[in-house]
Amino acid sequence: MLRKSNRSLNSQDNKATTTNGLLKTIVIVTLLLSFTALIVGGYGIFKGQAPTPMEVVTPDREVIMTEDTIKGGQAVFLKYGLMDYGTVLGNGSYMGPDYTAEALKVYTEGMQDYYAELDYGTKYIDLDESEKSIINDRVINEMRENRFKKDENTLYVTGAQVFGVERVEAYYRDIFTNGDGWGLEAGLIQESHLPETDRTYVAEGDQLEQISHFFWWTAWLSSTERIGDEITYTNNWPYYEDAGNTMSYSAILWSAVSVTVLAIFIAVILYFFYRYHFGMQPAFTKGNYPEYDLKNKKITVSQAKSAKFFLLVVIMFFIQVMFGALLAHYYTEPDTFFGIDWIYDLLPFGVSKGFHLQLAIFWIATAWLGLGIYLAPNVGGIEPKRQGLLVDILFWALVIVVCGSMIGQWLGVNGYLGNLWFLLGHQGWEYLELGRLWQYALVAGLAIWLYILYRGIHNGLKKERDKGGLIHLLFYASIAVPAFYIFAFFINPEGSFTMSDFWRWWVVHLWVEGIFEVFAIVIIGYMLVSMKLVTKSSVVRMLYFQIILLLGTGVLGMGHHYYYNGSPEIWVAVGAVFSALEIIPLTLLILEAYEQYKMLKAGGVHFPYKMTFWFLIATSLWNIVGAGATGFLINLPAVNYFEHGQQLTPAHGHAAMMGVYGMFAIAVLLYSLRNVVKPEKWNDKWIKASFWLLNIGLFGMVFVALMPIGFIQLKEAFVNGYWSSRTSDFLQQDIIQNLLLVRAIPDTIFIVGVVILVVFCVKAVFNLKKPAYKGGDTIPEDE
């Protein structure tokens, strides 16, 4: 409770609804222009994507593969969760190979051997350099010629290409039968896992042949020029000179342009920031800092019940981190855990990676759900009737979705679900592993949460005359959370791989990196205003300014995911420029972190939300380091061409996901628990220890291990071709293995920080305040 009562957030506000009218207009225009460009660009991807031919025909008119076998192979790849082990077109996980680059190498070498035998009666490797050069030119010219006949929907291939296809089929038949010696289980793909006929998404017949056809098709589109163009469907990615794939001029041009545009826009935006005072203004003066009496601060039934969401958060956080430790171990021992083979048999790399990613999204999102439940009564000034019951329903629904989806993923990958693999099992896409039924359940749960939130803040919305005010912004950001996940339903196993990847990033980038970002800054703004630390008017102006920058750069900045996945070359330009600009709003968060630090220092020793602020400051700092700097590094097209799908990507991913969203989730967890836990049972010393251990551990994880490995891998791709940087031989080098062993130190430090946080939260939920307000009660304004 605040001893010094100030005007409530909900009272006011007889101001006209045209407050910040220009900024609101710019936000709307920015949204319209960004999403219009994104949708138009998506249509361009649809029209320009590589064809999936109805038939692939040899010079003898023999059909060697069909659209059904290629799409069936895509479904097999997804069904067994192989995107959580390796990558296709550079997208996926990093333990296994990139199957596109690997298949391209096998395919190219097959064609080289075909002509070596035909022209010289020996193998390609036994030829002298001049003979190899002649064959190389012939193979490159033959591979890059596009023989797809659109009017017939048929792809014609040469005799050498047929030989290359056969080489690819033989290679993957061996790999999936005997394992790859680096974490991929032998006999993973079994015909007994599906019925012989009436299969869902997978074609009838040999699944090993089908997945080989799919991998070859990705190799074909990566090495075949678009009709009427001089660049392949993947803009010449992956780098492999024997197939004629070298970096395009556009990658160099737009890397340079993006840096130039960034320099100009930094100056322009900083001018507007300072010229029009978009920073937050303190609501207190020196010596007049708000005083807090948490001992007498009363809570509602639903607020007390929000605590169990935070307990679930730290439990999932701990399990997720332990899966991360297991994944790190597999890079040194790929098929055992310190000699305990049953752990690998039960939880191989691919399954563990899927769990690791899904739990990260689950625990971070759950923290935000809990915060919304806690805030709602304070925002609306009332505890709605039966609000506690709805909170209980949501909690158990969430538990069912988390547990059910993970069990389904394991059953699906191991072949126990038959035709139901997509519905109940592993959907196959990285970050979107959970089966379609669980996705429906997740959206339903988010809808219930939105309803709970609306019931709580309804009165606040009515009292706030400005429809673009702080409470309305909070509600709009909350609506976007379930709304933007719906794009996951645009993805199906039989759909175009490139278009599916287009929609996948609408969820992964726009939902996680866009909508979550907007939701986060709105929540931070609301928290600061509710604690009487900053003025409401300055926060609203600041929020509009940041939302304009986030959406203006982040929506089209998503284009860096489309450089080399089969999208048109224009996306190299769009992605490069707007990805570079994404660093600007993140950089401004440093200024926000400094303002938060000043408010924290002004509060002195009696400020009860000190640890919340520590984690908010960490969020801002990791935003510029993790999301900004490391993201900028890998998103330059000239760098990404060689780096795409290497260890610099998880370096950025860990720094951004844990550093930004994870630290923010912990901040809101601490803020909420601080208000519902008995003050005498709170001890900041535990949280301080956890804070330093988490941040030191994360820093070491990213900059001591992942970044150095990533730079070594980048050089390997530049020198020897991309395929070489993704082999198990590369990962088994002494320098890489030593760095992976050193990583155990920061990983352990991080885990200890997580354990301390878990113990603290377990103790906290057993020392909650007794609810003073029940369903239907009005909450006094000073609460």
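This passage describes salt bridges, cysteines, one buried threonine and a nonpolar surface patch in a predicted model.

Charged side chains are considered first. Side chains of opposite charge can pair when their charged atoms come close. In the predicted model the count comes to 18 salt bridges. One of these is formed by Asp 466 with Lys 24, where the closest N and O atoms are 2.5 Å apart. Asp 466 lies in the loop between helix H14 (436-463) and helix H15 (470-483), whereas Lys 24 belongs to helix H1 (residues 21-48), so that the pair ties together parts of the chain that are 442 residues apart in sequence. Both partners are placed away from the surface, in that Asp 466 is buried and Lys 24 is buried as well.

The loop between H14 and H15 also holds Glu 464, and the side chain of Glu 464 meets that of Lys 536 in a salt bridge with an N to O distance of 3.1 Å. Here too distant parts of the chain are linked, since Lys 536 is located in helix H17 (residues 536-557) and the two residues are 72 residues apart. Glu 464 is buried, with a relative accessible area of 0%, and Lys 536, with a relative accessible area of 17%, is likewise counted as buried. Salt bridges that share partners furthermore join Lys 353, Glu 430, Asp 501 and Arg 504 into one network.

A salt bridge within a single helix is provided by Lys 71 and Glu 67, both of which lie in helix H2 (residues 67-79); the side chains of Lys 71 and Glu 67 meet at 3.9 Å, N to O. Because Lys 71 and Glu 67 are four residues apart in helix H2, they are separated by about one helical turn. The two partners fall into separate accessibility classes, as Lys 71 counts as buried at 17% relative accessibility, while Glu 67 is partly exposed, with a relative accessible area of 22%.

A polar contact involving an uncharged side chain is found at Thr 87, a residue of strand S3 (residues 87-88). Thr 87 counts as buried, its relative accessibility being 0%, and its side chain is joined to the side chain of Arg 726 by a polar contact of 3.0 Å. When neighbours within four places in sequence are left aside, the residues in contact with Thr 87 are Gly 92, Ser 93, Pro 97, Asp 98, Tyr 99, Thr 100 and Arg 726.

With regard to cysteines, a disulfide is a covalent bond between the sulfur atoms of two cysteines. The structure holds zero disulfides. Cys 403 is in no disulfide, and the nearest cysteine sulfur, which belongs to Cys 761, is 19 Å away. For Cys 761, in turn, the closest cysteine sulfur is that of Cys 403, and the separation of 19 Å is too far for a bond. Cys 403 is partly exposed, with a relative accessible area of 41%, whereas Cys 761 counts as buried at 0% relative accessibility.

At the surface, Ile 315, Phe 318, Ile 319, Met 322, Trp 686, Val 755 and Val 759 make a nonpolar patch of about 510 Å². The elements that give two or more residues to this patch are helix H9 (307-330) and helix H27 (744-765), and the largest share, four residues, comes from H9. Val 755, which is found in helix H27, counts as partly exposed at 35% relative accessibility.

Notes:
Residues are numbered from 1 along each chain as its sequence is written. This is a predicted model: local features need pLDDT of at least 70, side-chain atom pairs count only at pLDDT 80 or more; totals for chains, interfaces and linings use all residues. Side-chain values use heavy atoms; hydrogens and water are left out. Patches are made of residues with over 30% relative accessible area and no salt bridge: like charges are joined within 9 Å, nonpolar side chains (Val, Leu, Ile, Met, Phe, Trp, Tyr) within 5 Å. Accessible areas come from the Shrake-Rupley method with a 1.4 Å probe; for residues, only the protein chains shown count as cover. A salt bridge is a side-chain nitrogen of Lys or Arg within 4 Å of a carboxyl oxygen of Asp or Glu. Buried means under 20% relative accessible area, exposed over 50%, partly exposed in between (1.4 Å probe, protein chains only). A polar contact is a pair of N or O atoms within 3.5 Å; within protein, one must be able to donate a hydrogen and the other to accept it, and residues adjacent in sequence count only if both atoms are side-chain atoms. Contact means heavy atoms within 4.5 Å. A disulfide is a pair of cysteine sulfur atoms within 2.5 Å.
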